[in-house]
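Subject: Structure for your review

Dear colleague,

Please find the structure below, followed by a summary of what was found in it. I would be grateful if you could read the two together.

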Amino acid sequence: MRYLTIALTKGRLAFKTLELLEQIGITCDEMKDKNSRKLIFTNEERGIRFFLAKANDVPTYVEYGAADIGICGKDTILEEGRKLYEVIDLGFGRCRMCVCGPASAEDLLRHHELIRVATKYPGIAKDYFYNKKHQTVEIIKLNGSIELAPLVGLSEVIVDIVETGSTLRENGLTVLEEICDLSARVIVNQVSMKRENVRVTRLIKDLQSLLQEERL
Ligand code: PRP
């Protein structure tokens, strides 16, 4: 039997996903070893194989069919804009994509000034400012510690993920506008949805039932 391949996002999301999969009878003990450098893990009994990838790469593996299924954040799905099916909201990893900055930047947003926006998510930022707000801005791509940008004068505002809000608070910044809610999602390759329909559908149904039980 062909392995059903699942791409997981390295880090916290992978551990949460494994916990969930375990509850529907899909286990993979060797993957829990935090010190392991192994990249691919198999569950021979169920004919399932897992691999760990960087968040941004998960939709790529799924679009090209290197993984039948992927689990990643909605932020990554929006940013990558890949051709795939988004089938379940897993409900964990909840956070928000927001425009943030010092409170003084509120006026710049209100008056649609030509400001600089630093972000790890240029696609999401561009869509928000150009297509939804119709505000012309200069988008600057950064790779991390985005909150630094307005503090050192690189940009007036940032587009970034806000979870607890403590990074903003500790740096004198605030949420100025909310773009969207985010959480972990299950994505499926479009061909796998047909070719592996029975196995993919079973997995989706098992996960949905589990989530429903948890909600009750
Ligand atoms: C994320 C995000 C914010 C922070 C938000 O960064 O980019 O900086 O978490 O969380 P909070 O609202 O709970 O403070 P991450 O820690 O992933 O690292 P990064 O700065 O390298 O992107």
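A polar contact is a pair of N or O atoms within 3.5 Å; within protein, one atom must be able to donate a hydrogen and the other to accept it, and residues adjacent in sequence count only if both atoms are side-chain atoms. One such contact joins an oxygen atom of the ligand to a polar backbone atom of Ser145, at 2.9 Å.

The model is predicted, so local features need pLDDT of at least 70 and side-chain atom pairs count only at pLDDT 80 or more, whereas totals for chains, interfaces and linings use all residues. Residues are numbered from 1 along each chain as its sequence is written, and side-chain values use heavy atoms, with hydrogens and water left out.

The ligand

Two further contacts involve side chains: an N or O atom of Lys120 is 2.6 Å from an oxygen atom of the ligand, and a polar atom of Thr167 lies 2.4 Å from an oxygen atom of the ligand. The protein covers 67% of the 490 Å² of accessible area that the ligand has on its own (Shrake-Rupley method, 1.4 Å probe). The residues surrounding the ligand (a heavy atom within 4 Å) include Gly144, Glu147, Asp160 and Gly165.

The five-stranded sheet

Strands and helices are DSSP runs numbered from the N terminus (strands E, at least two residues; helices H or I, at least four), and two strands pair if DSSP finds at least two bridges between them. An open sheet with mixed pairing has the order β8-β7-β9-β6-β10. Its edge strands, each paired on one side only, are β8 (138–141) and β10 (174–182). Strands β7 (residues 116–119) and β8 run parallel and are joined by four bridges; Ala118 stands opposite Ile140 of β8. Helix α5 (residues 122–132) packs on this sheet, and its direction makes about 170° with that of β8. Contact here means heavy atoms within 4.5 Å; axes are lines fitted to C-alpha atoms, for helices over the stretch in contact, with angles from 0 to 180 degrees between N-to-C directions.

The six-stranded sheet

The order of this open, mixed sheet is β2-β3-β1-β4-β11-β5, with β2 (40–43) and β5 (85–89) at the edges. Four bridges join β2 to the antiparallel β3 (residues 48–53), where Arg49 is the bridge partner of Thr42. Helix α1 (residues 12–23) lies across β1, β3, β4 and β11, at about 135° to β1. Helix α9 (residues 197–215) touches β1, β4, β5 and β11, and its direction makes about 25° with that of β5.

Yours sincerely
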